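Please open the model in your viewer and keep the sequence panel visible beside it. The tour below moves from selection to selection and says what to look for at each stop.

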Amino acid sequence: GARAAVGAWEARVEPPLPPAVQGGPDLWADGMEVDAGSGVDLPRPDLGQPAAEFKRLPGAVRFAPWLRACGVHIAEHELARDPLDAFSNGLVLCDLVQLAVPTAQFVGVQRRAVMSAAAKLHNINAALRVLRGNKAVDQAVLYKDLEIREGSVVDTCSLLEALRKLTRSRGLRG
């Protein structure tokens, strides 16, 4: 499982990762909250996690430290799901694109608790439209709106990786 994938890396980390506390959040020394109840231990984002270990984490769990640094708090068990519903309404994507491209303007983005499939698709396309033509982003993923709405882990993670790189270029680490 995810624990085994992180286990080998975990042994090389000083200080050791905090113990999992069932049912509640845990805090790293720097105050970053970790959802220990999810059963997935994540390394601290500032420890230089090896790329191979980063890619082995399930679903979008590998993006949890970066998402938190961006002010997006989604529990690790939500990020490990397939389909990946946490991004299917496009709201988080619009917020992340706004961080990556501060001059972006979103018109008609729906921010309701319950949305139709068309409203979700509109939100996703609003985020993707801003990134089209950006040379730092793989353009193929910017036309995967239906797949992202349906929770495709591969396509959503490809988009998250592109956004992570864009925000890093703006100085946001995680």
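The stops run from the whole chain to single residues.

**Whole chain**

This is a predicted model, in which local features need pLDDT of at least 70 and side-chain atom pairs count only at pLDDT 80 or more, while totals for chains, interfaces and linings use all residues. Residues are numbered from 1 along each chain as its sequence is written, and side-chain values use heavy atoms, with hydrogens and water left out.

Begin with everything selected and coloured by secondary structure: the protein has eight helices and two strands, where helices (H or I, at least four residues) and strands (E, at least two) are DSSP runs numbered from the N terminus. Along the sequence, these elements follow the pattern α-β-β-α-α-α-α-α-α-α. Of the 174 residues, 47% count as buried, buried meaning under 20% relative accessible area, exposed over 50%, and partly exposed in between (1.4 Å probe, protein chains only). Among contacts (heavy atoms within 4.5 Å) between residues at least 6 apart in sequence, 54% join residues at least 24 apart.

**Confidence**

Next, colour by pLDDT, the predictor's confidence in each residue, from 0 to 100. The mean for the protein is 75, and 66% of its residues reach 70 or more. Confidence is lowest in strand E1 (residues 25–27), at a mean of 38, and highest in H7, at 96. Select residues 1–49, over which the pLDDT is below 50; this stretch nevertheless has 74 contacts in the model beyond near neighbours in sequence. Where pLDDT is low, the predicted coordinates should not be read in detail.

**The nonpolar core**

Now show the side chains of the largest nonpolar core, which has 38 residues; such a core is a set of buried Ala, Val, Leu, Ile, Met, Phe, Trp, Tyr and Cys residues joined through side-chain atoms within 4.5 Å. The residues with the most contacts inside this core are Phe87, Leu93, Leu96, Leu159 and Leu163. Helix H3 (64–69), H5, H6 and H8 are the elements that give two or more residues to the core, and the largest share, seven residues, comes from H8.

Which residues surround Leu96, once its neighbours within four places in sequence are left aside? Select Leu96 and expand the selection: Leu96 is in contact with Trp66, Leu67, Cys70, Val72, Leu160, Leu163 and Thr167.

**Helix H6 and Asn123**

Move to helix H6 (residues 117–131), which holds Asn123. At 1.5 Å times one less than its number of residues, the 15 residues of H6 should span 21 Å, and the end C-alpha atoms are 22 Å apart, which agrees. The buried residues of H6 are Ala119, Leu121, Asn123, Ile124, Asn125, Ala126, Ala127, Leu128 and Leu131, and what covers them includes helix H5 (91–100), helix H7 (145–149) and helix H8 (153–169). After H6 comes Gly133, whose phi is positive, near 90°.

Zoom in on Asn123, which counts as buried because its relative accessibility is 0%. A polar atom of the Asn123 side chain lies 2.9 Å from the backbone nitrogen of Gln110. Beyond neighbours within four places in sequence, Asn123 is in contact with Asn89, Gly90, Leu91, Cys94, Gly108, Val109, Gln110 and Met115.

**Cysteines**

Select the cysteines and look at their sulfur atoms: with a disulfide taken as a pair of cysteine sulfur atoms within 2.5 Å, the count comes to zero. Cys70 is found in the loop between H3 and H4 and is buried, with a relative accessible area of 13%. Its C-alpha atom is separated by 9.5 Å from that of Arg164, 94 residues apart along the chain. Cys157 is also buried, with a relative accessible area of 4%.

**Val153 and Glu78**

For the last stop, select Val153 in helix H8, a residue that is buried, with a relative accessible area of 18%. Not counting residues up to four places away in sequence, Val153 touches Gly59, Arg81, Asp82 and Leu84. Val153 and Phe87 are 66 residues apart in sequence and 9.9 Å apart in space, C-alpha to C-alpha.

Finally, is Glu78, in the viewer, buried or partly exposed? Glu78 lies in helix H4 (residues 76–79) and counts as partly exposed, at 25% relative accessibility. The C-alpha atoms of Glu78 and Gly59, 19 residues apart along the chain, are separated by 9.1 Å.

Methods:
Polar contact = N/O pair within 3.5 Å; in protein donor to acceptor, adjacent residues only side chain to side chain.
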